[in-house]
Amino acid sequence: MSVPPQKKAFPLRLDPALYAAIERSAASDLRSVNAQVECLLREALGKRGVKLADPVRAKRGRPPKSREEGE
């Protein structure tokens, strides 16, 4: 099983009004604030012509059963 790459964690200080706006935007897009910030940063960089690889999405759900378990 492959391990998804770790994300870089760092503290970020934001104006409370900006955070509230991001929080509302995230709620309307059904995302977490963290995912919304990442999405907005990717969009902004894309508009500036910065090329980024697509994000690696975490696998969800149960892992497939191995053949040994069912036999």
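Which residues are linked in a network of salt bridges? In this predicted model, the network joins K7, E38 and R42, and the count of salt bridges comes to 3.

Within the network, E38 pairs with K7, their closest N and O atoms lying 2.8 Å apart, and this pair links distant parts of the chain, since K7 sits in the segment before helix 1 (16-28) whereas E38 belongs to helix 2 (residues 33-47), 31 residues apart. E38 also forms a salt bridge with R42, where the closest N and O atoms are 3.7 Å apart; these two residues both lie in helix 2, and because they are 4 residues apart there, about one helical turn separates R42 from E38.

A further salt bridge is formed between D29 and R31, with 3.3 Å between the closest N and O atoms.

The pairs are set out below.

| Salt bridge | Closest N and O atoms |
|---|---|
| K7 and E38 | 2.8 Å |
| D29 and R31 | 3.3 Å |
| R42 and E38 | 3.7 Å |

As for the surroundings of these side chains, K7 is exposed, having a relative accessible area of 57%, while its partner E38 is partly exposed at 24% relative accessible area. R42 counts as partly exposed, with a relative accessibility of 30%. In the pair of D29 and R31, D29 is partly exposed at 39% relative accessibility, and R31 is likewise partly exposed, its relative accessible area being 37%.

In general, side chains of opposite charge can pair when their charged atoms come close.

Conventions: Residues numbered from 1 in each chain as written. Predicted model: local features only at pLDDT ≥ 70, side-chain atom pairs only at ≥ 80, totals over all residues. Heavy atoms only, no water. Salt bridge = Lys/Arg side-chain N within 4 Å of Asp/Glu carboxyl O. Buried < 20%, exposed > 50% of the residue type's maximum accessible area, 1.4 Å probe, protein only.
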